[in-house]
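Got the viewer open? Let's walk through this one a stop at a time, selecting as we go.

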Amino acid sequence: MHITMLGLAMSAGPLGCGDKGDDSGGVDANIVLTDAHNFSYTGEVTVPSIVTASGQDLTICWDQITQDIQCHDIDPLADLDNIGLARFPHKTQAEVETGLELNSLLQADIDGYVEWNTDHESGCVQLSAFSFFGTPIDVPSQYVDDGSTYMLMLTEGLEPGVGARIITFLEPQAESDVTDVTVPDSCGILDFTATLEDLTPLEVPASGPFVVDWSALTQDGVGADLLLENIDRLMVAFYEGQTPTDLQSQFLDLEIITSATYELELPGGTTADLADATGASGAFPGFSGDGTWLLALFCSRCYNPAPVFLTVVSPTE
Amino acid sequence: MPGLLLLVLACGDKDGGVEIGAAEVTLSETIGTVATVTFTTSEDVAARVVYETADQSFETPLGPATADHEIVLLGLPANTEVQYQVVLEDGTTNEPAGFTTGNLPSGLPATLVEGEGHDRWMMTTLIGATTGPVLISPQGKITWAWVDGRGLDVYRARPLRDGSGVIYNAASVSGDPADNSVLVKVSWDGSAEETITVPLLAHDFVELSDGTITAIVVEYGEGPEGEIRGDSLVEIAPDGTQTQVWSTWDCFDPAVTPGDEPEIGWTFVNALDLDPDESAYYVSVRNFSSIVKIDRATGACEWVIGGQAATIEIEGDEFQHEHQFELNGDRLLVFDNAGLAFNKSRAIEYQVDWGAGVATEIWKYEPDPSLNSFVLGDVARLDDGDTFITWSVAGQLDRVSPDGVSSWRLNTELGYAFGFMTLPAGLYE
């Protein structure tokens, strides 16, 4: 006897003498997230641009920075680990801004990247000190007025492009003689108008179980395609005495104004049990209290710090 | 008679035939797309597993003749329902069964694919936001991944020839090479990891048929004005013995052939290939913009194509600061990082007239808009004449027809680059 089309086997009924197999990869979810549950926002990214001399070494200083993209206070010397400069040869500044808004920039959009790891002591560095893979930037030929867009990113952490807290464009122009660059605050770059009032609240059993499945999500809050692979963190947060309307006006501070926060690092996949989420007071205890509960999914490697999914939880008995 | 009935009969008492015991599936704890099927048979017999998802079918190679079977299933996407069936060498089967794959490690990029018709599995490495080897399906999905947390870069990964897993290098070519660089062998299910310490590893290595690994290793030696950074080839035998089999000083004199970027080294050998009969190595010497054939037995350089020290001259466009390449008979395909113009990379091919000592440009692919992979980059000629191009730093893969049309393309999101590329003949080859 010889194997035939396994496709026949896939449509077979009850299994016979063969083994059923281990179904351990599946998780029975009782809370299914859909696009209707997701918040919406209009987000506009407006990155400041600093005109500089072309092909000349620059002195780049960041020691005057006080606030990051989310308008949170920042200690520029202590908090920033890396300064990266990416060149987009075929995109305008406006196109890069759109890419940041929609999280749609590709690695192929850049044709050059150099960086400098901060020493947490000095607040200025020469552009000529930047390098990548051991190859230093050749400023006269690689930082020039050729129509490319240059984006400077100051990040927390050393992974290229991850953890951006400060962003500014540098704009080499042949007629400029500016060689001193003072990186400005990034507060105001993101113009968010978030709406939590129009979404369909997520009904969940107040005392569990809380197994969440987000595989059906297709769009993020701004309506862009949502890449499930990017989701790597879940947050459940309680805001005592606050309404959704109160919260949407404090959108950029949602992670720091909570009464209680429970988080879960996600190893991949599209399901999670909220019972595994932990916070300062321990494991997530269930939904209770007078206020608003939010459930959010994040992409920590995305440039846009907004959650890719955020909803208002409506606990039911 | 439909196959289903045959299957049912097959798993019952088969009039003295081999019986298949209950099968179990175990998912890897670290790479949830890898499933191991274990079962027994009433006699020593070779077996394989056929398996499928809703839109893909797979088949493992026949395993060794034994009564205790352990077969690893590869190529599956994450969180996907799978049906599988044991098939013995005589065609006897058990009843099909199912399982669901688990998660891949976190931190992998989304892959965006355009076009269709690509038919090759792709083993490469991720560099950037996540570092480590990955296996990508012909449809462009990452199906296997191993995250290396050493803080080094991973430039090359290859399936081990014995089929047990993957070997990759963890090294650094950024500035000074790393003293703690290693070659890493990891089993497909991630349960076993073996490291081989090889200080000063550079970009590339190959595995020979007997399990010997040959790697590029940075070597410091005398130059006209003091110590300079050259390169060597080191063979690591299966018993762990490490032997230097070639040095750049064997063939070149830094006073005569100084290279063109002394600030990063004298030679900067950055890519290594193995002759099919294993009698020779080929290396790319970046700072010469040259490709060199080395006799494995003697260490002699048989020819040099390209820029400095060339014995075979280029007719047509020259390549500059190249990385990987492929020699097919008298055709040389090169990933040309910088020969086109500044900040533009391309693939270029030459017809070599060994007698005349001339390599004549016959084909090139220069993407529009341009791409720049200022380091790494790889090329391969496929059986149908298409060319597979890995634009490493640009995070883009292209399958390009002879007339220069990309029929299949994969991009990573910003933050993820690729290393070199290995295109196995099949999922298990």
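Start by selecting Lys293(B) and then Trp303(B): Trp303(B), in strand 23 of chain B, is the bridge partner of Lys293(B). Keep in mind as you click around that this is a predicted model.

Now widen the selection to strand 22 (residues 290-295) of chain B together with strand 23 of chain B. The two run antiparallel and are joined by five bridges. Zoom out a little further and you'll find an open sheet of four strands in chain B, in the order 20-21-22-23, with antiparallel pairing. Which strands stand at the edges? Colour strand 20 (269-274) and strand 23 (301-306) of chain B: each has a single partner strand, so one side of each has no neighbour in the sheet. Tilt the view and look along the sheet, where neighbouring strands are turned by 20° against each other on average, direction ignored.

Next stop: rings. Over all chains, the structure holds 29 aromatic pairs. For one of them, select Trp144(B) and Trp188(B). Their ring centres are 5.5 Å apart and the planes meet at 80°; an angle over 60 degrees counts as edge-to-face, so that is what this pair is. How many residues apart are the two in the chain? They are 44 residues apart, with Trp144(B) in strand 11 (residues 142-145) of chain B and Trp188(B) in the loop between strand 14 (182-187) and strand 15 (193-197) of chain B, so the pair links distant parts of the chain.

Are these two buried or exposed? Trp144(B) is buried, at 1% relative accessibility, and Trp188(B) is buried too, with a relative accessible area of 7%.

Stay in chain B for two charges over rings. Show Arg158(B) and Phe205(B): the charged end of Arg158(B) sits over the ring of Phe205(B), 5.9 Å from its centre. Then show Arg381(B) and Trp363(B), where the charged end of Arg381(B) sits over the Trp363(B) ring, 5.5 Å from the centre.

Hop over to chain A and select Phe210(A), Phe238(A), Tyr262(A), Phe284(A), Phe287(A) and Trp293(A). Ring pairs link them into a cluster.

Last stop: empty space. There are five cavities of 30 Å³ or more in the structure, and the largest holds about 110 Å³. To find the largest cavity, select Gln70(A), Phe251(A), Glu255(A), Pro305(A) and Pro307(A), the closest to its centre of the 14 residues that line it. Then add strand 13 (190-195) and strand 16 (233-240) of chain A, the elements that give two or more residues to that lining.

Technical notes:
Residues are numbered from 1 along each chain as its sequence is written. Chains are lettered from A and ligands numbered from 1 in the order in which they are written. This is a predicted model: local features need pLDDT of at least 70, side-chain atom pairs count only at pLDDT 80 or more; totals for chains, interfaces and linings use all residues. Side-chain values use heavy atoms; hydrogens and water are left out. Rings of Phe, Tyr and Trp (its six-membered ring) pair if their centres lie within 6.5 Å; planes under 30 degrees apart count as stacked, over 60 as edge-to-face and the rest as tilted. Buried means under 20% relative accessible area, exposed over 50%, partly exposed in between (1.4 Å probe, protein chains only). A charge sits over a ring if NZ of Lys or CZ of Arg is within 6 Å of the ring centre and within 35 degrees of the ring normal. Two strands pair if DSSP finds at least two bridges between them. Axes are lines fitted to C-alpha atoms, for helices over the stretch in contact, and angles run from 0 to 180 degrees between N-to-C directions. On a 1 Å grid over the protein atoms alone, a cavity is a set of points where a 1.4 Å probe fits but cannot get out, and a pocket is an open set with protein on both sides within 12 Å along at least five of seven lines; lining residues have an atom within 4 Å of a point. Grid points are joined across faces, edges and corners, and a volume is the space filled by probe spheres set on the points.
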